[in-house]
Amino acid sequence: MAVKTKEKIVKAKETQQYHVIGKRLNGMDDMAKVSGQIVYADDYSMERMLHGRVFRSVKPSAKIKAIDISAARNHPGVVTVMTYKDVPFNRAATSAVGQTASLGKVSEFPRIVLAEDRVRFYGEPIALIAAETQEAAEEALTLIKIEYEDLPGVFDIEEAMKETAPRVHEDSSTNVHSHFGLHQGDVDEAFKHADVIVENVYQTQYQEHAHMEPESGVAWIDGEGVINLRVATQVIEHYREIAHILGLPESKVRVRGTLMGGGFGGKEDMTVEPYIALLAWHTGRPVKLTYSREEMMYGRHKRVPYKMYYKHGATKDGKLVAVEAKLIGDAGAYIYLSHWILLYTTVHATGPYFVPNVKVDCYSVLTNNIFTSAFRSFGCMQPALGYEAQMDALAKALRMDPSELRLKNYLKTGSKTGTGQVIESAVMLPQTQEAVIKALGPKANTTKLHIKVGQGFASGWYPYGRMCYLHDTSSAWIGMESDGSAVVRSGIPDLGAGQRESLRQITSELTGVPLDKIHVINADSQLTPLGGTVTASRGLLMSGNAARLAAEALRGQMILQAAQMLKTTESDVDLANGEAFSKRDNSNKIPISALVKAIKGQGNPLEVLKCFHAPTAPPVTDVVITGQIFTDFTFGSQAVEVEVDTLTGKVNVTKFAAAYDVGRAINPKRVEGQIQGGMTQGLGFAIMEEFVENKGIPENLTLRTYKIPTSKDVPEIKVIIFESGTGFGPFGAKGIGEPPVVAATPAVMSAVEDAVGVRLRKSPVHSDDLFNKIKEQSGK
Amino acid sequence: MNGENTYFRPKLYSKPSSIVETVKLLAELGERGKPVAGGTDVMVEKRREVEALVDITGLNLSYIKMDNNGLHLGATTTLYTIEKSEEIKQTPYRILAQAAHKVGTPLIRNMGTIAGNICNASPSSDTSAALLALGAVVRMVGNGKKREVPLDKFFAGPFRSVKEHDELVIEIYIPPIASRTGTSASWLTKNGNVDESMVGVAVLVVLNKEGEKIEDVRIGLLSVNPTPMRAVQAETALIGKKISDTLLKEAAQAAAAEAKPRSKADYRRSMTVHLVETNLKEAIAEARG
Amino acid sequence: MEIKLNINDSMVTGKAEAGTTLLRFLRENGHTEVKKGCGEGECGACTVLLDGIAVTSCLVPAMQAQGKEITTIKKQGDPVIDALKESFVNHGAVQCGFCSPAMVLTAKWFLSENPHPTRAEIREYMAGNLCRCTGYAKIVDAIEYASKTIESFAKIGAR
């Protein structure tokens, strides 16, 4: 009997009977992974392969007056040193990532592949080296001579917003590259009639993805002149940008995505791709480049820190009447995905609550700090710190139970969000709230007077699927083999959350082919139909639905044939366990292989390619966002119990519970794993993780100085899964990859307030800060 | 950045089989030679000037010996061995086992050694306060010389000790525990539960026969000063005095005042007061039996 | 220079300089199952057993590993490793898998001296092996379960 993680699944009223959907299956790659058999990106080597390194800026804002690569170039073992002059097209917009609509702002201030005459952040790539050995490449890094002239930089977002601020990009009129807003009703009028108003300022920090596998890839030119990349990436569609950079047709670049050792958005923008492609193309030899852990810290993006001004008004009965907010995010030196992140932030800024009057303005500001971009929950985790704290503050002002206040204001099916989008699926916030509070149980007793125990909860929301205006698509191909086995091809990469596994399960469910007879091939931009990115919690919605469409088409053909062969009606036929059988009379059955042979014998190859189209919407062109922006949302709650040592300010999380409506748990074991992992990243954000830059100079560059939760930092976790069956994914599933990161931090802050009466409005918790505030509090 | 700290290319690896051979080699190499046992500092720092690694794990310096003469820890005894030593844990020496447990992670402790931790001379070395409180003495052998340096004279500055390049630490000696002795130690970690210490305190008290006066006391502090230190003024203020809450509080405040923390100074001083006070009380309770 | 190391009961010959880490040697001599996560002993992904003891191979000079038994996850016929792997897979403790082999080896090490760990003890022993995907919950489940089946192996001194 396997040890059961403490979980419970509360099924939707209509429980469907599935063959494999909903089963706690083992992942198809799991044994290979734990046995060390998977060839991750850095595990791959080729003959005559060179080792690449990136030479980076050590100035946050400077002119490059001179650069001398001759000593590096002549160093023994070095084959090439490249600068921007060697790059055919030195601009890349993290752009055409699997969608068909126009990009707008995303392509302004595009990524500069290799710095030209100036650098804008510490860590900006300036030159590339390829050498015969790792040592030679490293040595060459120290031989590049560069002369900088410091330029004024700007490191504070509110400073950067001023007219007088130095421009991070000289030819722009402002550092505020994006501005989005929500506007409903009339907040000024509404506040006049509010019985209680709470206003506060919040601040979140930079968070580092800290996936265990560093960015890595190998590139080479094959016999037909195609640039091949075998790389850890969440987006194989980057082959397009790589082609542009090299000045090649898109059909001449092929990206194979490896099974990743974690991504969380860290491998969503191009990381090593442009460099290995350039070096391979330039030298004609295979090139491998793997980031060092230090390089991951200062050379790759972080989660965007936000400063958030919130003002909430409510009636004395606890109904929200108005929210006014201003959120400012630090984009760093280049936009990357900041524009879209800002949009997400704006749409979610008021939380999963119905607010009749809303005025929200969100800004993303360029600075000379490290650039910020995608990180699990893409701009929606930061506002949760604010909006949940505001709800607790209102509850306190109204002397109302915070749970009750939430219940009065939660969105419901049919509610309109701040953009006016109507929510179509179930909104199980009340149930998830109840479940997590119950899961905590009564507060633990402490024997020590100076240790205070507190409980807190928070609710959150996050969309699954990308913005509708991107016209997202995902294709999948399924082919039946004559012996009754099947092959599934989908471009979607797998970052360890079971993307491949889901495709197998869905295919098995609908075609009846046993799981172990289905082979999934994914993430090859030239051999697998493009499935889109593994981001935005879109895996199930998009690639899952694509597989479903293809499997359903095959199913239709197989059932038609089976009905004939079994001499019964189509509605009487089912497919499972490798057989087609009559539901009325189970003994009337044939193996699927017999079906398939018969169908193929008629000239039907029994292969289907299907494309799933997400719902579409017009592009967002105004500052104020209106209408349907996302396909749908995932809702859930988390609760924590903490111990606060009032003599040190140290917070220890002792109980941790989460509940989400996932629509349908395709594989509950995997769903739990996603939730537990996301909760833990949220926990890290709340109490220990903080990447720090001081005037653009990074301070912590190692895992010693940037601490992520260890097994000793995470308490026992309880997960409760709800299945409303109302999601737009296959079998009514919603996306669950990102939502579990959102609610942890506000839950911790709420618990700390419950314990010691201090509400921290800045993440992460710093013991010294809490200690001082506790002292102040008791002095009052 | 840019390869500067990855230029670690020692050319010589040597594993001498005798101490004499070792110190001779270290003398020849000077600052180019680095003794390595567990590698948990040397192989992390990857100092450019290190041209030779002198593996000292072949010198039979991994042992724990406890007798009437005190506690003798071989230089290359791993932190894990010390952490798990039942022998040590049964006695007031146990604060050393607790200190060893605090260092890094189990994987690091499986390799990291007690002498390595001391010679690294980090201001926040987790074993340092306990060793100071226990009155540890560092026994070194050099090329044609040998000397013993009490630990409180061993640290010269942040990451600097008085150990010369040609000297090898061979043993950490801790004097025997007098009767009516109590020890206590605690650490406040920075982030989460597995991290460097923000503040660390270790205390040893010896009480008089009636148990109401302090006959002897040592207070070790770490991470609040350029080097691990003894709070000597606080100690002096306690010796011969009748125990009272006020006395302990004042001593704790004196200890905090002696420390020179570099960052978050106010907080570190407050925590020093708190931890010194708490640990003095615990140690006294233990001493009273 | 060339050195010979005993890896999973096989003698492997390869090049090593004085400062070459065991991790580097392993990865360049056919053992890419040992992962490099940070190179500074912080993440634990490079864990191997050295004479049965779990260590971060990125900090061990390859030269120092001469004469020792090095065990990686690819060791054949080890009932403890097999039981742990099976338990990891059955409990859903493997997501991206990058940390998983190292987790198994660390668990094998501490189960040999503590065959009945509590969940809290498991968390203590595993604190040097970082995981960013799982939140550790199912890893602790897997090790706890495996410890019950492995107990008998520990008794007969299997390594």
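User: What makes H51(A) and K288(A) worth pointing out together?

Analyst: In this predicted model, H51(A) stands opposite K288(A), which belongs to β15(A). Residues are numbered from 1 along each chain as its sequence is written, and chains are lettered from A in the order in which they are written.

User: How do you know that β2 and β15 of chain A pair?

Analyst: Strands are DSSP runs of E with at least two residues, numbered from the N terminus. Two strands pair if DSSP finds at least two bridges between them. Strand β2 (residues 50-56) and strand β15 (residues 287-290) of chain A have two bridges, in the parallel sense, so they meet that rule.

User: Why are β4 and β14 of chain A called edge strands?

Analyst: The open sheet has seven strands in the order β4-β8-β2-β15-β12-β13-β14 (chain A), with mixed pairing. Strands β4 (78-82) and β14 (253-257) of chain A each pair on one side only.

User: What makes up the contact between the two domains of chain C?

Analyst: Domain bounds come from an automatic or database domain assignment, which gives domain 1 (2-71) and domain 2 (79-158) for chain C. Contact means heavy atoms within 4.5 Å; 15 residues from domain 1 of chain C and eleven residues from domain 2 of chain C take part.

User: How many salt bridges are counted between domain 1 of chain C and domain 2 of chain C?

Analyst: The count is zero. A salt bridge would need a side-chain nitrogen of Lys or Arg within 4 Å of a carboxyl oxygen of Asp or Glu.

Methods. Predicted model: local features only at pLDDT ≥ 70, side-chain atom pairs only at ≥ 80, totals over all residues. Heavy atoms only, no water. Helix = DSSP H or I, 4+ residues; strand = E, 2+ residues; numbered from the N terminus.
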